[in-house]
Amino acid sequence: MTPQSSFMILATIDPAHEAELRRLLASMNREPGILDPMNPLVPFGGFKQLHYARIVILDDQTLDDIAVYRLPRVNYPTYLAFLGDCDGPVDRFFVELVTRAEDGLRRIFMHCKEYDPGVDLLAWIKARNTAPAANYVNWIGRTVQQVGEEEALRQALEKFLQDNAGLIQSMQPRQVRDTLKKFVAKEQQAGRVPLTPPEPTPLGWQLSNLLNLVGMPILLLIVSPLLLLALPFYLIQLRRCELSDPEVAPLVNPAHANLLASLEDHDVTNQFSAMGSLKPGLFRLVTMILVLAAINYTARHIFGRGRLARVTSIQFARWVFLDDRKRVIFASNYDGSLESYMDDFINKVGFGLNIVFSNGIGYPRTNWLVLDGAKDEQHFKEYLRRHQMPTQVWYNAHPGLTALNKRQNGLIRDGLEKAAMTDSEVQEWLRLF
């Protein structure tokens, strides 16, 4: 198995160069929301280990909301963020990135304050890489190569079934499977349908994963007496905050909403980039740190096979702290429309939304952290849309494929490679086509 890595290269945009940078990023697209994957700046389509990537200007339009806490407005810098999800170690991907796209990357990053034309770009990128507080991968170990090969396999099998429909209809299910296995064997020998075996799981990753799997519960067990003592005080403070936190519920600016909509629904998968300020105070910060640590642990060890809790539409997602943990950026790649994406979460894991996002300024009021909140559907949707930012450049290595499509393709391959199957398993497998 080849595990996945994420990266986020973060730099401060020089205000004098922002307009020029926006024009440069726009030139990477064929039209708004549709990237040229082989654009001359960063030819994303040439990177065989890259699942998703985006370049987004982090321009927070909700900074005035903090005024409800009678705190002065903070003029944070505007950042340039280059985010991506890749197979294997991120340092290996960075080497390929700089090798293939150094000139284009320099043209982009020259608009940032930290950039120096004489800098070693690879070292600079590594230094600017910002780790997420929580990261989610829909299917840990499923590589770009695997996705492509399994989709080609499905297409070849379905074409064979269509071309030989009369013959297939006269066969028993087990005969159909045997016929398909023989067909695929011939296609593999001819090099038309390669099915590359997975690489061995890196030993270092296995050890670190095992250490994380075991270490976190042990740590919780050690500190559990203190946590139990602190729990009543935590709950009291939680209710005090929930009852006293001011609410901010302005409507989304129509021009902002229209801009976001113009960048969406060009494919079955969409991108989502949002950022906002945490509610002031140590209590909310500690809550957010603990919540994201729990998400990161469960995403790594429990929800790495096709779903985050009950939600199956997220392909990759991350939460990243910014500005001394005063703000958070959330970025995801999800299937379907934004409306269905939000409804999916509200209906299936609304309590989870509350646990995470209620620590941000402007979120609908919760009750004991898990109740209400996102159930105020219109307020919640306005909150998300207001905090969402337009993504200037977005790359998807798997156009037309949802997470469920990828899972189905994997099951098709598994059914072919399985040594033996019962009659019921064969019938269930054939229903995948």
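What follows is a walk through two sheets of this structure, the helices beside them, and a few single residues. The model is a predicted one, so please keep that in mind as you turn it on your screen.

Let us begin with the sheet that holds strand 1. Four strands make up this open sheet, in the order 1-5-4-12, and their pairing is antiparallel. At its edges stand strand 1 and strand 12 (393–396); each has a single partner strand, so one side of each is left without a neighbour in the sheet. Between neighbouring strands the turn averages 10°, direction ignored. As a reminder, strands of a sheet pair through backbone hydrogen bonds, either parallel or antiparallel.

Strand 12 is a good place to look at the pairing residue by residue. Strand 4 (residues 50–58) is joined to strand 12 by four bridges, and the two run antiparallel. Find Ala 53 and you will see that its bridge partner in strand 12 is Tyr 395. Move to Arg 54, and the partner in strand 12 is Trp 394. So what happens on the two faces of strand 12? In a regular strand the side chains alternate between the two faces of the sheet. Here, Val 393 and Tyr 395 lie on one side, with Trp 394 and Asn 396 on the other, and all of them are buried; both faces of strand 12 are therefore covered, since buried means under 20% relative accessible area.

Now bring the helices into view. Helix 2 lies across strand 1, strand 4 and strand 5 (79–87), and it runs at about 145° to strand 5. Within the span of strand 5 you can pick out Cys 86, which is buried at 0% relative accessibility. Another cysteine, Cys 241, is buried too, with a relative accessible area of 11%. If you are wondering how many disulfides there are, a search of the whole structure finds zero.

Helix 3 (residues 121–128) comes next. Which of its residues are buried? They are Leu 121, Trp 124 and Ile 125. Looking down the axis of helix 3, you will find these buried residues within an arc of 100°, so they line one face of the helix. The spacing makes sense: an α-helix has 3.6 residues a turn, so residues three or four places apart point the same way. The buried residues of helix 3 pack against strand 1 (4–12) and helix 2 (90–109). At the N-terminal end of helix 3, Asp 120 acts as a cap, with a side-chain oxygen 3.1 Å from the backbone nitrogen of Leu 122.

The other sheet is also worth a slow look. It is an open sheet of four strands in the order 6-8-9-7, paired antiparallel. Strand 6 and strand 7 (269–277) are the edge strands, each pairing on one side only. From one strand to the next, the twist averages 10°.

Inside this sheet, strand 8 (residues 314–322) deserves attention. Nine of its nine residues are buried, so strand 8 is largely enclosed by the rest of the structure. Strand 6 (residues 134–137) is joined to strand 8 by four antiparallel bridges, and Asn 135 stands opposite Arg 318 of strand 8. Strand 8 also pairs with strand 9 (residues 327–335), in the antiparallel sense, over eight bridges. One of the pairs there is Phe 321 with Val 328 in strand 9. Strand 8 and strand 9 form a hairpin with four residues between the strands, where Asp 323 takes a positive phi near 50°.

Following strand 9 onward to its other partner, nine bridges join strand 7 to strand 9, and these run antiparallel. Thr 269, for instance, has Asp 335 as its bridge partner in strand 9. Helix 10 (residues 338–357) packs on this sheet and touches strand 7, strand 8 and strand 9, its direction making about 140° with that of strand 9.

Two single residues round off the tour. Glu 187 sits in helix 6 (residues 173–189) and is buried, with a relative accessible area of 13%. What does its side chain contact? The side chain of Glu 187 makes a polar contact with the side chain of Arg 192, at 2.8 Å. Val 426, in helix 13 (residues 423–430), is buried at 1% relative accessibility. Leaving aside residues up to four places away in sequence, Val 426 touches Pro 173, Arg 174, Arg 177 and Met 421.

Methods
Residues are numbered from 1 along each chain as its sequence is written. This is a predicted model: local features need pLDDT of at least 70, side-chain atom pairs count only at pLDDT 80 or more; totals for chains, interfaces and linings use all residues. Side-chain values use heavy atoms; hydrogens and water are left out. Buried means under 20% relative accessible area, exposed over 50%, partly exposed in between (1.4 Å probe, protein chains only). The arc is that of the directions from the helix axis to the C-beta atoms. Contact means heavy atoms within 4.5 Å. A polar contact is a pair of N or O atoms within 3.5 Å; within protein, one must be able to donate a hydrogen and the other to accept it, and residues adjacent in sequence count only if both atoms are side-chain atoms. Two strands pair if DSSP finds at least two bridges between them. Axes are lines fitted to C-alpha atoms, for helices over the stretch in contact, and angles run from 0 to 180 degrees between N-to-C directions. A disulfide is a pair of cysteine sulfur atoms within 2.5 Å.
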